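Here is a short briefing on the contacts in this protein, grouped by topic for easy reading at the bench. Keep the structure open beside you as you go.

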Amino acid sequence: MKVDDSNTNTTANPLTPPTTGGVPTTPNVVNLVASTRLATTLDVVQLAIDLGVHYEPEQFPGMVFRVTNPKVCVLVFRSGKVVATGAKSYDDAKAAFQKLHDELVKHNYNPWPFPADKDILMQNLVVTYDAGVPLQLPALAMTLPLDRTEYEPEQFPGLIYRISNPTAVCLIFSSGKCVITGTKSLADAQTATEQVHDEIMAAVTMINQGMGI
């Protein structure tokens with residue numbers, strides 16, 4: 001996933017924390033991955049023919065069923081398991097599953113009844129968040145807990161920061177923009193964003209104090 005980091009600034013600018021308090025930006029969901037099962041087994045080869053979908057099982061075992069509204073890809077497997085990717089919300093993933101289920105009914109594949117909400121599981125959320133301030137990544141890498149921080153700018157322009165409760169990985173860029181992945185609920189994504197924000201701002205304060213700002 002490409003992140004706009006056009007505001008990158010490698011000079012030693014003061015790192016003034018936002019004065020608004022709390023998390024300045026609500027996390028924005030850019031990708032939600034969800035899964036469920038629609039049948040005991042599915043003849044994916046025949047299904048691809050019936051739906052006019054190009055399918056190359058020797059390259060990837062899942063058939064890709066593309067939904068345009070909402071824009072979601074559903075991976076369909078012989079086991080009857082289906083995985084939605086690219087959704088922006090739980091409802092988008094559910095709607096994509098419903099459209100696939102309708103096609104299975106239409107083409108006489110005898111799917112199970114459409115799954116209840118408790119059986120549609122979120123597997124991963126990717127959210128973005130803006131710290132609202134440019135960040136000096138070398139200084140940040142030395143201030144955040146070292147055992148949870150990876151920063152190798154010659155290999156990747158962002159700082160990788162891990163948290164454990166909830167489990168998540170945050171990619172932090174010098175523009176202040178962050179990508180947080182690994183959570184499995186909107187509540188955990190919000191909690192992870194708040195935790196990352198608080199820890200970044202605490203580190204920024206320490207850096208500023210060390211610079212005499």
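In this predicted model, the structure holds 2 aromatic pairs. The points below take one of these pairs, then move on to the nonpolar core, the salt bridges and the cysteines.

**Aromatic pairs**
- Phe60 and Phe77 have ring centres 6.0 Å apart and ring planes at 65°, so this pair is edge-to-face; the angle needed for that label is over 60 degrees.
- The pair links distant parts of the chain, with the two positions 17 residues apart in the numbering. Phe60 sits in the loop between α1 (44–51) and β2 (63–68), while Phe77 sits in the loop between β3 (71–76) and β4 (81–87).
- Phe60 has a relative accessibility of 39%, so Phe60 counts as partly exposed.

**Nonpolar core**
- The largest nonpolar core contains 54 residues. Leu32, Val74, Val76, Leu140 and Ile172 are the ones with the most contacts inside it.
- Helix α4 (residues 186–211) gives the most to this core, contributing 8 residues.
- Both domain 1 (32–122) and domain 2 (131–209) supply at least three residues each to this core.
- Which residues does Leu140 touch, not counting residues up to four places away in sequence? Leu140 touches Leu135, Leu159, Ile172, Ile200, Ala203 and Ile207 on that basis.

**Salt bridges**
- The count comes to 4 salt bridges, and three pairs are described here, among them Asp117 with Lys94.
- Asp117 and Lys94 form a salt bridge in which the closest N and O atoms are 2.7 Å apart. Asp117 lies in the loop between α2 (90–106) and β5 (121–130), and Lys94 lies in helix α2, so the pair ties together parts that are 23 residues apart in sequence.
- Asp117 is partly exposed because its relative accessible area is 42%. Lys94 is also partly exposed, with a relative accessible area of 28%.
- Glu199 and Arg148 meet through their side chains in a salt bridge, at 3.5 Å from N to O. Glu199 belongs to helix α4 and Arg148 to the loop between α3 (137–143) and β6 (149–150), so this pair ties together parts that are 51 residues apart in sequence.
- Glu199 has a relative accessible area of 21% and is therefore partly exposed. Arg148 counts as partly exposed at 23% relative accessibility.
- Arg162 forms a salt bridge with Glu150, and the closest N and O atoms are 3.2 Å apart. This pair links distant parts of the chain, with Arg162 in strand β7 (residues 159–164) and Glu150 in strand β6, 12 residues apart.
- Arg162 is partly exposed, with a relative accessible area of 37%, and Glu150 is partly exposed, with 38%.

**Cysteines**
- How many disulfides does a search of the whole structure find? The search finds 0 disulfides.
- Cys178 is in no disulfide, and the nearest cysteine sulfur, that of Cys170, is 4.3 Å away. A disulfide calls for sulfur atoms within 2.5 Å.
- Is Cys178 buried or exposed? Cys178 is buried, because its relative accessible area is 2%.
- Cys73, at 22% relative accessibility, counts as partly exposed. The buried class needs a value under 20%.

Technical notes. Residues are numbered from 1 along each chain as its sequence is written. This is a predicted model: local features need pLDDT of at least 70, side-chain atom pairs count only at pLDDT 80 or more; totals for chains, interfaces and linings use all residues. Side-chain values use heavy atoms; hydrogens and water are left out. Rings of Phe, Tyr and Trp (its six-membered ring) pair if their centres lie within 6.5 Å; planes under 30 degrees apart count as stacked, over 60 as edge-to-face and the rest as tilted. Helices (H or I, at least four residues) and strands (E, at least two) are DSSP runs, numbered from the N terminus. Buried means under 20% relative accessible area, exposed over 50%, partly exposed in between (1.4 Å probe, protein chains only). A nonpolar core is a set of buried Ala, Val, Leu, Ile, Met, Phe, Trp, Tyr and Cys residues joined through side-chain atoms within 4.5 Å. Domain bounds come from an automatic or database domain assignment. Contact means heavy atoms within 4.5 Å.
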